[in-house]
Amino acid sequence: MPVIPTLYFSDIVYSGISEEVNVQLQRIQNSCIRKQKLKWLDLNNCRIFNVLMLLKKILFTGLPRYFSKWFSLLYSNKRNQITKSHTSFYDSSFTIRTTRIWNELPQSARDAPPIRVFRSLL
């Protein structure tokens with residue numbers, strides 16, 4: 001089984017990993033890239049890209065509903081609201097990490113309606 005598709009397939013799920021594990025996974029990807037002479041995003045940037053694409057699809061279509069209810073979009077400035085938490089566990093959750101990444105995007109990228117325009121702005 002090829003290693004690169006396996007690393008990319010579940011990258012959203014393991015986006016909260018420790019720096020040590022991230023470095024180990026990056027080394028695996030780098031060795032695969034050297035063998036195949038490809039120019040790919042590093043794993044961290046690939047995770048960020050995939051998280052943003054998933055969130056854009058959730059916000060644009062409202063589907064799947066079990067995800068869309070987690071993100072309350074503030075239409076006044078197109079930023080997602082982050083609820084205050086009292087635990088570090090919640091701070092590292094998918095919802096909070098994704099919302100922080102989304103809020104760091106420039107306004108033009110957050111406003112881009114079609115998915116392909118959004119993708120090109122990333």
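# A guided tour of the chain

Of the 122 residues in the chain, 31% count as buried. The model is predicted, and the tour below proceeds from the whole chain to single residues.

**Whole chain.** Display the full chain as a cartoon and colour it by secondary structure. Eight helices and two strands appear. Read from the N terminus, the elements follow the order α-α-α-α-β-β-α-α-α-α. Switch next to a surface representation: the accessible surface comes to about 8300 Å², and carbon and sulfur atoms account for 60% of that area. As for contacts between residues at least 6 apart in sequence, 54% join residues at least 24 apart.

**The largest nonpolar core.** Select Leu52, Met53, Leu55, Ile58, Phe67, Phe71, Phe94, Trp102, Leu105, Ala109, Ala112 and Phe118, and show their side chains. These twelve residues form the largest nonpolar core. Two helices, α3 (43-61) and α6 (94-104), each supply at least two residues of this core. The largest share, four residues, comes from α3.

**Helix α3.** Now isolate α3, which has 19 residues. From its first C-alpha to its last, α3 reaches 27 Å, close to the 27 Å expected at 1.5 Å a residue. Colour the helix by burial: Leu43, Cys46, Arg47, Val51, Leu52, Met53, Leu55, Lys56 and Ile58 are buried. The buried set of α3 thus includes Arg47 and Lys56 beside residues such as Leu52 and Ile58. Just after the helix, select Gly62, where phi is positive at about 75°.

**Leu52.** Centre the view on Leu52 in α3, a member of the core. Which residues is Leu52 in contact with, leaving aside its neighbours within four places in sequence? They are Ile101, Trp102, Leu105, Phe118 and Leu122.

**Where α3 meets α6.** Show α3 and α6 together. Their axes come within 10 Å and cross at roughly 95°. Angles of 65 to 115 degrees count as roughly perpendicular, so α3 is roughly perpendicular to α6. To see the residues involved, select Ile48, Val51, Leu52, Leu54, Leu55, Lys56 and Leu59 on the α3 side. They meet Phe94, Thr98, Ile101 and Trp102 in α6. Among these, Leu52, Leu55, Phe94 and Trp102 also belong to the largest nonpolar core.

**Thr95.** Remain in helix α6 and select Thr95. Is Thr95 buried or exposed? Its relative accessible area is 14%, and because buried means under 20%, Thr95 is buried. Apart from neighbours within four places in sequence, Thr95 is in contact with Trp70 and Phe71. Phe71 is itself one of the core residues.

**Arg116.** Move to helix α8 (residues 115-121) and select Arg116. This residue has a relative accessible area of 68%; since exposed means over 50%, Arg116 is exposed. Draw a distance from its C-alpha to that of Met53: the two residues are 63 apart in sequence and 9.8 Å apart in space. Met53 is one of the buried residues of α3.

**Asn30.** Finish in helix α2 (residues 19-36), which contains Asn30. With a relative accessible area of 28%, Asn30 is partly exposed. Draw a last distance, from the C-alpha of Asn30 to that of Asp42: these residues lie twelve apart along the chain, and the separation is 8.2 Å.

Terms used. Residues are numbered from 1 along each chain as its sequence is written. This is a predicted model: local features need pLDDT of at least 70, side-chain atom pairs count only at pLDDT 80 or more; totals for chains, interfaces and linings use all residues. Side-chain values use heavy atoms; hydrogens and water are left out. Buried means under 20% relative accessible area, exposed over 50%, partly exposed in between (1.4 Å probe, protein chains only). Contact means heavy atoms within 4.5 Å. Accessible areas come from the Shrake-Rupley method with a 1.4 Å probe; for residues, only the protein chains shown count as cover. A nonpolar core is a set of buried Ala, Val, Leu, Ile, Met, Phe, Trp, Tyr and Cys residues joined through side-chain atoms within 4.5 Å. The expected span of a helix is 1.5 Å times one less than its number of residues. Axes are lines fitted to C-alpha atoms, for helices over the stretch in contact, and angles run from 0 to 180 degrees between N-to-C directions. Angles under 35 degrees count as roughly parallel, over 145 as roughly antiparallel, 65 to 115 as roughly perpendicular and the rest as oblique.
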